[in-house]
Amino acid sequence: MNTKPLFVAALGLFFLGSCHNHNAHDHDAEGHNHEAETAAAHNHSDEIVLTPEKARAAGVKTSIVQPGSFRQVIRTSGQIVAAQGEETYAVAPVAGVVSFRRKITEGMSVGQGSPLLLLSSRHIAEGDPVTKARIAYETARREYERMKALLPDKIVSEKDFLQAEQAYENARINYEALGGSHSSDRGELTSDGVTVASPMGGYVKSLLVKEGDYVQVGQPLVGITRNRRLYLRADVSEKYYNQLASVTSANFSTPYNDKTYRLSELNGRLLSYGKTTTDQSYYIPVTFEFDNQVNVAPGAFVEVYLLGAAEEGVFTLPRTALTEEQGSYFIYLQVDEHGYKKQLVTVGGDDGERVQILSGLKAGDRVVTQGAYQVKLASASNAIPAHTHEH
């Protein structure tokens, strides 16, 4: 019997099995390596890589957080208004037609006694008040001087003399009140009109008349403000009424810059807060006074942060540390020299500069306080790609 073919077939089956076992072993080893790589990638998938050099270039700054003191905050809206005594109006001393002798614009600087405008009554039925005052003054003066000369000889009675003297003084005061601010190129009293001067030095806040307007006696013409002291008036919802007794100061921010101002740094003080609401409003007014050291415009509407009692053991972060995504707030923790981690947090009170953190933060965490947006951009650029392997 020829056994050679059987031997060759058995030898073929042996090599076939060895090859299969070898390929299976290689596949299992490769599978283990793939699982290890996937696990490693998964463990570091939330880490944001940013080198120290790039972090410095992007303005990224970090600090270690610890619990501290934070004041209760009532956030509301308000308005900046001029303080009493810091604003006044130039009014019309006589009736007449308005005429501007120079350009007057809102915001321009004026000194006390600076001429603002001219009131003329030459073409009005009542006549020019300056001319009428001058005639009355000269008539009263002549009568007074005549009786004064006759009094020693007892030609006139002392009673008549005193009446003439009183009429003269009244006419003189009225005439000087008009003639003392009278317009004249050479400094002489004429009947051109009455110059209205600024009652104090400051800035023109408002022009209430225009060229050619007719005004009555006592009518406001030009608003003047010093802007040295201002009021901050906050309108607070009545639901915070029980908390108003603890309010002692405030911060505010204006719509025309991103800065938050502290009344504590502007010599500010609480003046009063309302005890009731009115029929026209459901808000309670809270009023502060402060120095206008930061050139705040009176009349501006502002965001107000009323500061109440202090709480201890509170975590806070500057506003620049937070980023917002669809109503949720995040911070970035530095985990090592090159790595950062995105962290969801729950926020509380906001005083315009710092925000209370209710959850998502613990003592000793190193948080990005400046440049958080740059770290957020870095997280999108260095995401770890999905692992691929071809067999």
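In which strand is Asp 350 found? In this predicted model, Asp 350 belongs to strand β20, which spans residues 339-350. The close-up views below begin with this residue.

**View 1. Surroundings of Asp 350 in strand β20.** Asp 350 is buried, its relative accessible area being 13%. Its side chain is joined to that of Arg 319 by a polar contact of 2.7 Å. A polar atom of the Asp 350 side chain also lies 2.8 Å from the backbone nitrogen of Gly 352. When residues up to four places away in sequence are not counted, Asp 350 touches Phe 70, Val 73, Arg 75, Tyr 305, Arg 319 and Val 355.

**View 2. A salt-bridge network containing Asp 350.** Salt bridges link Arg 75, Glu 303, Arg 319 and Asp 350 in a network. Within this group, Arg 75 and Glu 303 form a salt bridge whose closest N and O atoms are 3.1 Å apart. The pair connects distant parts of the chain, with Arg 75 in strand β3 and Glu 303 in strand β17, 228 residues apart. Arg 75 is partly exposed, with a relative accessible area of 44%, and Glu 303 is likewise partly exposed, at 29%. Asp 350, by contrast, is buried.

**View 3. The largest nonpolar core, with 21 residues.** The members that touch the most other members of this core are Ile 80, Leu 232, Leu 244, Phe 252, Phe 288, Phe 290 and Leu 306. Two or more residues each are contributed by strands β3 (68-82), β12 (229-237), β13 (249-253), β16 (283-291) and β17 (301-318). Another core, of 19 residues, lies apart from this one and includes Val 98, Leu 119, Met 200 and Val 209. In soluble globular proteins, nonpolar side chains tend to be buried together.

**View 4. Contacts of Ile 80.** Neighbours within four places in sequence are left aside in this view. Ile 80 is in contact with Leu 230, Tyr 231 and Leu 232, among others. Its partners also include Phe 252 and Phe 290. The run of residues Val 296, Ala 297, Pro 298, Gly 299 and Ala 300 is in contact with Ile 80 as well, as is Val 302. Of the residues named here, Ile 80, Leu 232, Phe 252 and Phe 290 are among those that touch the most other members of the largest nonpolar core.

**View 5. A salt bridge within helix α4.** The model contains 16 salt bridges in the whole structure. One of them joins the side chains of Arg 172 and Glu 169, with an N to O distance of 2.7 Å. Both residues lie in helix α4 (residues 158-179), where they are three residues apart, about one turn of the helix. Arg 172 is partly exposed, with a relative accessible area of 23%. Glu 169 is also partly exposed, with a value of 29%.

**View 6. The salt bridge between Lys 210 and Asp 213.** The side chains of Lys 210 and Asp 213 meet at an N to O distance of 3.4 Å. Lys 210 is exposed, with a relative accessible area of 56%, whereas Asp 213 is partly exposed, at 21%.

**View 7. A nonpolar surface patch.** Tyr 89, Val 91 and Leu 208 make a nonpolar patch of about 250 Å² on the surface. Val 91 is found in strand β4, residues 87-91. This valine is partly exposed, with a relative accessible area of 40%.

How values were computed:
Residues are numbered from 1 along each chain as its sequence is written. This is a predicted model: local features need pLDDT of at least 70, side-chain atom pairs count only at pLDDT 80 or more; totals for chains, interfaces and linings use all residues. Side-chain values use heavy atoms; hydrogens and water are left out. A nonpolar core is a set of buried Ala, Val, Leu, Ile, Met, Phe, Trp, Tyr and Cys residues joined through side-chain atoms within 4.5 Å. Buried means under 20% relative accessible area, exposed over 50%, partly exposed in between (1.4 Å probe, protein chains only). Helices (H or I, at least four residues) and strands (E, at least two) are DSSP runs, numbered from the N terminus. Contact means heavy atoms within 4.5 Å. A salt bridge is a side-chain nitrogen of Lys or Arg within 4 Å of a carboxyl oxygen of Asp or Glu. Patches are made of residues with over 30% relative accessible area and no salt bridge: like charges are joined within 9 Å, nonpolar side chains (Val, Leu, Ile, Met, Phe, Trp, Tyr) within 5 Å. Accessible areas come from the Shrake-Rupley method with a 1.4 Å probe; for residues, only the protein chains shown count as cover. A polar contact is a pair of N or O atoms within 3.5 Å; within protein, one must be able to donate a hydrogen and the other to accept it, and residues adjacent in sequence count only if both atoms are side-chain atoms.
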